[in-house]
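Please open the model in your viewer and keep the selection panel at hand, since the tour goes from one selection to the next.

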Number of protein chains: 2
Amino acid sequence: MKPINLKEKHAEFKAQWHPHQIAIVDNMQVLLAKIQGEFVWHAHENEDELFHVLKGTLCMQFRDRTEMVNEGEIIIVPKGIEHNPMTKNGEEVHLLLFEKLSTAHTGNVVHDKTKTNYPKI
Amino acid sequence: MKPINLKEKHAEFKAQWHPHQIAIVDNMQVLLAKIQGEFVWHAHENEDELFHVLKGTLCMQFRDRTEMVNEGEIIIVPKGIEHNPMTKNGEEVHLLLFEKLSTAHTGNVVHDKTKTNYPKI
């Protein structure tokens with residue numbers, strides 16, 4: 001029940017591709033993430049996933065196209081849809097994610113980038 | 001699976017205190033709202049509610065204090081907690097809300113401001 005400043009929270013960590021949990025809303029969690037480069041193809045069998053771009057441009061790759069998601073925009077990836085987030089030209093992009101507490105960020109894939117914990121900040 | 005620009009969506013409606021639905025994430029909805037002045041005291045028995053301030057300053061009144069939530073900040077009101085959003089000095093504040101599909105915006109209260117539908121935009 002205190003305001004959470006997203007820029008200040010983003011300044012509290014540096015690790016890329018490692019979501020940090022800032023809040024819980026019912027059975028969902030609010031995560032912040034920094035990403036740079038390309039992630040890994042994956043899908044979430046049972047969870048939709050909302051990406052809100054706070055800084056930079058997210059390139060959300062789907063198997064048939066790529067959507068460019070700019071600062072101030074959101075995109076929702078429905079459950080079951082393969083996707084692979086990336087950024088262009090070495091840009092670090094800052095995201096807010098909204099998804100179920102059960103969501104694994106690499107979904108159905110285990111990869112070097114897979115994190116099994118989301119630190120609370 | 002298309003990017004949604006929040007400023008553009010906010011420009012599509014004028015009605016204050018009337019949330020508009022822009023997306024669904026599992027059992028939750030993403031709403032945009034414009035508010036000015038004071039709302040009504042209420043609580044949501046079964047739902048947490050996330051407020052993300054996109055423009056202006058939200059004054060979230062609780063029974064024992066008021067939290068000022070600035071642009072780029074979020075605040076979460078847990079289920080059962082009485083609250084009453086307001087704005088200062090005639091400012092129109094733009095919000096993104098994240099809450100269960102079942103959430104009534106005046107919660108346990110029926111008021112002149114109560115809306116029973118959230119238009120999809």
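Two strands are treated as paired if DSSP finds at least two bridges between them. With that in mind, and remembering that this is a predicted model, select β1(A) together with strand β7 (residues 73-77) of chain B, which pair in the antiparallel sense over 2 bridges. To see one of the residue pairs involved, pick N5(A), whose bridge partner in β7(B) is E73(B).

Before going further, colour chain A by confidence: its pLDDT averages 95, and 100% of its residues score at least 70. For the model as a whole, the scores are ipTM 0.94 and pTM 0.95.

Now show both chains and superpose one on the other. Two copies of a chain are related by a rotation about an axis and a shift along it. Here a rotation of 180°, with 0.0 Å of shift along its axis, superposes chain A on chain B, and the RMSD is 0.0 Å. That is the relation of a two-fold axis.

Next, select the contact between the chains, to which chain A contributes 27 residues and chain B contributes 27 residues. On the side of chain A that touches chain B, the elements that each supply at least two residues are β1 (4-5), α1 (6-10), β2 (20-25), β6 (66-70), β7 (73-77) and β9 (93-100) of chain A. If you highlight β7(A), you have the largest share of that side, namely 5 residues. Colouring the side of chain A that touches chain B by residue class divides its residues into 17 nonpolar, 2 polar and 8 charged. What share of the interface residues of chain A are also interface residues in chain B? The share is 100%, so the copies meet through the same surface.

For the last stop, hide chain A and turn to chain B, where an open sheet of 3 strands has the order β6-β5-β8, with antiparallel pairing. Its edge strands, each of which pairs on one side only, are β6 (65-70) and β8 (83-86) of chain B. From one strand to the next, the twist averages 25°. Within this sheet, select strand β5 (residues 57-62) of chain B and β6(B), which run antiparallel and are joined by 6 bridges. A residue to label here is C59(B), because its position can be followed across the pairing: the bridge partner of C59(B) in β6(B) is M68(B).

Conventions. Residues numbered from 1 in each chain as written. Chains lettered and ligands numbered in written order. Predicted model: local features only at pLDDT ≥ 70, side-chain atom pairs only at ≥ 80, totals over all residues. Least-squares fit on C-alpha atoms with pLDDT ≥ 70 in both. Contact = placed C-beta atoms within 7 Å. Helix = DSSP H or I, 4+ residues; strand = E, 2+ residues; numbered from the N terminus. Nonpolar A, V, L, I, M, F, W, Y, C, P; charged D, E, K, R; others polar. pLDDT = per-residue confidence, 0-100. Axes fitted to C-alpha atoms, helices over the stretch in contact; angles between N-to-C directions.
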